[in-house]
Every structure is written in structure tokens, then in C-alpha cells.
Amino acid sequence: MSGKKHQRGIHELYDEDAVKADRVLWGREVDPLTRRGFLKKSGLLAMSAVLGAHIPFAHKMPGGLIPAALAGTDEPFAIPGKEDLIVLNDRPINAETPAHLLDDEVTPAHRLFVRNNGVPPERQKIDPKSWTLEIAGESCERPTSFTLDELKAQFKHYTYRLQIECGGNGRSEFNPPAKGNQWTVGAIGCPAWTGVRLKDVLTHCGIKDDAVYIGYYGADTHLSGNPDKVPISRGVPMSKALENETLIAWAMNGEDIPHLNGYPLRLVCGGWPASTSGKWLRKIVIRSEVHDGPKMTGQSYRVPCKSVAPGTRVADEDMCIIESMPVKSIITYPKSGILHQRSEALALRGHAWAGDRRVRRMYVSIDFGATWSRADLNAPKNRLAWQRWQAEVEFPESGYYEVWARAVDSAGTSQPMVLPGWNPRGYLNNACHRIAVRVV
Ligand SMILES: Nc1nc2c(c(=O)[nH]1)N[C@H]1C(S)=C(S)[C@@H](COP(=O)(O)O)O[C@H]1N2
Ligand SMILES: [Mo]
């Protein structure tokens, strides 16, 4: 695979090599002094010049805000079957979907992001006829192995639209930057999954009274090539494992799950960090303690139990496992950077989701969050599916605008306008999504 890796965040790029960062972001060389002025909010004229428009709500623009017009400048790079995705890393493969390509109500296979921690099993070597899923663990009464056909024959089938979002989605915006894939907004999707309920299978195998957690193992291998090392093995508490919507799935949108998304079998725990949705699923263990597989312990998929100042080192014992993902939304239409005629209202739409909760309200702003208007919000197709929203906005004069979208969940919790609490690994950035609109 050829192509470039985009492994670093915008702040890190600017800190290391501002001239290069400008080239990456602006597509041409600009005067470093002007650039600096722009970031410090004193160079509005220069910013307007580069954005190609006057900024009517400039006085509302937060200092240091990097205009949405400058985001998403990476070129698509082709992974077979995932042609439109932006590749962040090619070993392991990690690729996200540009926001405007997430417009479908049900995310199609070629537009679902890919997050691999290791090397997927080779597609040609996967034989669905001989694939087995083993249920075991110290809190399992009757450890059992099922072929795919047995799973399909012995348990009732269910189909749910379930949103899965990487815990690190949005990481690229944190400052100081966090290491890891520099996801922007596209490590999210909501396909329709078909499979059996994890609870039916676990109940069939007997859950001992002392069970507290489940853990998964997949058929992918460690990047080091060491066959004794497991790339990732995470899990969820029994309460999440036993929810109706938690599935062992073999189909996505009525077809085989794409190879990179876990063919032929995966776990789907909607609304939780997608790292809990084990791909190429071979084994599930019922545990009498919190599962302790790779990427379950230490700082992985954990945030400080109490919020900390940016840049703070936090001891492992003060880090808590991420459970439900926070309320969030995305603008999928129009695409950031469009030109729009002032005489016409602009129709907007997107999706909103809130982990285990439901989204209760949706708002949009055209003045950097100073004022908000209500958007229409649809009910979810089923629990843990994202919700479609739509709105219309009018612009008072020509110039550069940003449209910001903000969701509020059923508990009244809102997305933060710019950035939520910093954390060492850069998880849970549910800041408002922004797009650039040039009104002429
Ligand atoms: N076996 C296995 N399961 C896995 C992973 C992996 O690397 N191996 N990555 C996890 C992570 S971190 C995420 S975000 C999701 C990504 O799912 P997707 O690639 O289908 O979008 O899969 C999860 N399940
Ligand atoms: Mo992830």
C-alpha cells in the first residue's frame, strides 16, 4: 500500500514545523508571522484573505480557533472496498470516513471506518464453514464451542442499527496532543447488524453467580508477529453484555461483514467505545473479575476518574474504564467548504447519538456558538441507533461562516462547544462538529 500516513495532530504539526504545517493546511506557503497572528486572533484580515471571505461574526470567534475550512485536507487513499476513506495509518490499517460521506441513514459497508490494532486474519484463509466461537471463562458453567451454522440454528436472529464509535474519535483536536490515530470526526458509523443476542448464547452456556464481565478474543495477530501476543482483548460488564441489543453478528446491512470490519463474526456493543466490539470473534470468556486482556488495563480506553489539567500525568490507578460514549453529532450535509448563495436558506442535516442514552434536542449556530436555533430531530430506529436531524439557516450577509451543531442528551447533557476535558490518551472528544460555509 502506498500513500501517506497522517499520524499527527494539527497542534503538534504547528509546534514542530509551522512552515510545513502551513503547507499541509493551507496548501501553500504563507508568511509565518501572518500565520502566527492568525492563530492569536489578531490577524483577522490575513485570515479573511486566506479563507477568501470577510468573517461577519469574527468578534464571536474564539481565540486560537483553527477554521473549519482548513480541516479535512488529506487526500483519500484507497483500501480495496473502502475507497473514499482517509487512511491514518497503514500498519495496522486505520481509516476514517469524511463527514459528508456519512450522510446515509444506514452506513454502507464501504463507508464504515476501520480501526485495527493488529493484523487481520487473511481473508482467503477464513472458512465460515469451519469457523467456531468458543464460550468459556471461569464464570461459565458449561463451556461450549459453536460453529457459525450452529449459532444461526440454535438462537433467534435479531437485526438492529447500532452505532459504533472509536473511543479516540476526535483525538486530533486535543492539545497537548495525545499519541495514537489522529482521528478527526469520522471514526463512527451506524450500520444494521444481524446476529444472535449475546445474552441468549451466554445464558445457554450458564452464567455463574459470580460473573462480572465478559472478554473477547479475535483471530487477528499481534503486529510484532509473535503468535503468543494478543493485539487486543477487551470486554464489557455483564449488564451491558446482557442487553437486548448486544449482538454476536455475522451480517451487516444484510450481507457478510466486510473483511476489515470483522468477517465472519463480530461482537457489537452499540453506544460503547467500539473497542468493545470484538472483530473476527473466536472466543468469549465470562469473567469473575473485570476482564484484564491487552488494552483493557493501564491507560488504554481509560480517562482520569477526576478531571485533570491538560498535560497532567495520571497514575494508572486514577484512570477509569470508559463505558457509554458521550452525546455527539455530525453535520453530513453540506460538505465543509461549500459556496452558498445568500438569497437562499441553507438546508443542513446530520446525525446525533448519545451512547446508551437518547438524543433529546439538536441545535445549530452560525455565529460561533453565540446563539443557537433548534433543529428537527428524528426518533432512533431502535435503541442505540443514531438519530437523523435537519435544519435550515439563513445568513445575514455574505462572508465566511461556520455552522456548528450541538446535541443534548436525555439527561440534559450537552456537547461542549469547543473541547471537552483533556485526558492523556485523547479519548471522548465530543466537541461540536463545525463546517465552513462561504456565503456569496
Ligand atoms: N479483534 C479485534 N477487534 C477489534 C479491534 C481489533 O483491532 N481487533 N479494534 C477495536 C477498535 S479499537 C475499534 S474502534 C473497532 C473498530 O471497528 P471497525 O474497524 O469495524 O470500524 O473494532 C474493535 N474491535
Ligand atoms: Mo477504537
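A residue is called buried here when its relative accessible area is under 20%, and exposed when that area is over 50%, with partly exposed covering the range in between. The model is a predicted one, and within it Cys269, with a relative accessible area of 0%, is therefore buried. Cys432 also counts as buried, because its relative accessibility is 6%.

Two further cysteines fall into the intermediate class. Cys305 has a relative accessibility of 41% and so counts as partly exposed, and Cys320, at 34%, counts as partly exposed as well. These two residues form a disulfide, with their sulfur atoms 2.0 Å apart, which satisfies the requirement that a pair of cysteine sulfur atoms lie within 2.5 Å; by this rule the count comes to 1 disulfide. The torsion about the S-S bond of Cys305 and Cys320 is about 105°, and the disulfide is therefore right-handed. The pair links distant parts of the chain, since Cys305 sits in the loop between β16 (302–304) and β17 (319–321), whereas Cys320 belongs to strand β17, the two residues being 15 residues apart.

Helix α6, which spans residues 198–205, brings in another cysteine: the buried residues of this helix are Leu198, Val201, Leu202 and Cys205. Because these residues cover an arc of only 95° around the axis, they lie on the same side of α6. After α6 comes Gly206, whose phi is positive, near 85°.

Notes:
Residues are numbered from 1 along each chain as its sequence is written. Chains are lettered from A and ligands numbered from 1 in the order in which they are written. This is a predicted model: local features need pLDDT of at least 70, side-chain atom pairs count only at pLDDT 80 or more; totals for chains, interfaces and linings use all residues. Side-chain values use heavy atoms; hydrogens and water are left out. Buried means under 20% relative accessible area, exposed over 50%, partly exposed in between (1.4 Å probe, protein chains only). Helices (H or I, at least four residues) and strands (E, at least two) are DSSP runs, numbered from the N terminus. The arc is that of the directions from the helix axis to the C-beta atoms.
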